[in-house]
Amino acid sequence: MCRDEIQPINLFIRWGVSRAVGLVVALMSSGCGAEDSCPELDVACGVDPPGYQDVAPILERRCVPCHGAESSTSRKRLDEYSRVLGYAPAMQEQLSSCGMPKDGSLPARERALLLEWLACGASK
Ligand code: HEC
């Protein structure tokens, strides 16, 4: 009986949260070339350079599914700092041209952060 009362509330909350997230995403992508499939980014190293700990979760989520120990491109692993560092120039090239990930699943904000990290020397 209690569940029946709680479920619609949960649904409402989820609906509200996903709409809020959708709105934020829409606001972020508007005005910076939403139709452009690969907006050019002029990334320079800022005053507060990101470190590996800032980009590792992005790599983990967006790249490691294909670039991990047990994935299709297991020879190009992006799951550890020392390995990632070896691919820094190739990553910079891929991210600048939106070559990776091929399906365009990398959000612009994450792409920008990765590029900034690389521009700052891919520090630990
Ligand atoms: C859907 C799977 C997939 C995802 C996700 C993915 N990659 Fe790749 N990546 C590949 C494949 C396949 C290749 C080609 C492998 C080869 O040529 O040996 C590749 C190649 C590369 C290369 C080497 C390019 C070169 O110069 O040879 C780099 C660097 C790279 N990916 C970086 C990334 C980064 C950074 C991410 C995350 C932002 C990412 N990839 C996400 C599948 C993926």
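Which helix gives the most to the shell around the ligand? Helix α4, residues 88–96, with 3 residues. Keep that helix in mind, because it comes back in the core and again in the packing of α5.

One caution before we go on. This is a predicted model.

Start with the overall layout. The protein chain has 5 helices and 0 strands. Read from the N terminus, the order is α-α-α-α-α. The chain has 124 residues, and 11% of them count as buried. Now the contacts between residues at least 6 apart in sequence. Of these, 64% join residues at least 24 apart.

Next, the ligand. It is surrounded by 16 residues. The closest are Cys63, Cys66, Ala90, Met100 and Pro101. What is the make-up of that shell, by nonpolar, polar and charged residues? It divides into 10 nonpolar, 4 polar and 2 charged.

On to the core. The largest nonpolar core has 12 residues. Here is the list: Val55, Leu59, Cys63, Leu78, Val84, Met91, Leu95, Met100, Leu114, Trp117, Leu118 and Ala122. Three elements give two or more residues to this core: α2, residues 52–62, then α4, and α5, residues 108–119. The largest share comes from α5, with 3 residues. Notice two names on that list, Cys63 and Met100. Both are also among the residues closest to the ligand.

Let me stay with α5. Which of its residues are buried? Arg111, Leu114, Trp117 and Leu118. They cover an arc of only 125 degrees around the axis, so they sit on the same side of α5. What do these buried residues pack against? They pack against α2 and α4.

Now a check on the helix itself. α5 has 12 residues, so at 1.5 Å a residue it should span 16 Å. Its end C-alpha atoms are 16 Å apart, which agrees.

What comes just after α5? Gly121 does, with a positive phi of about 100 degrees. Then look at Ala122, a member of the largest nonpolar core. Leaving out residues up to four places away in sequence, Ala122 touches Leu85, Ala88 and Trp117. Trp117 is itself buried in α5, and Ala88 belongs to the residue range of α4.

To pull it together: α4 gives the most to the ligand shell, α5 gives the largest share of the core, and the buried residues of α5 pack against α2 and α4.

Note on methods:
Residues are numbered from 1 along each chain as its sequence is written. This is a predicted model: local features need pLDDT of at least 70, side-chain atom pairs count only at pLDDT 80 or more; totals for chains, interfaces and linings use all residues. A residue is near a molecule or strand if its C-beta atom, placed from the backbone, lies within 6 Å of it. Helices (H or I, at least four residues) and strands (E, at least two) are DSSP runs, numbered from the N terminus. Ala, Val, Leu, Ile, Met, Phe, Trp, Tyr, Cys and Pro count as nonpolar, Asp, Glu, Lys and Arg as charged, and the others, Gly among them, as polar. A nonpolar core is a set of buried Ala, Val, Leu, Ile, Met, Phe, Trp, Tyr and Cys residues joined through C-beta atoms within 7 Å. A residue is buried if 20 or more other C-beta atoms lie within 10 Å of its own, exposed if 12 or fewer, and partly exposed in between; C-beta atoms are placed from the backbone. Two residues are in contact if their C-beta atoms, placed from the backbone, lie within 7 Å. The expected span of a helix is 1.5 Å times one less than its number of residues. The arc is that of the directions from the helix axis to the C-beta atoms.
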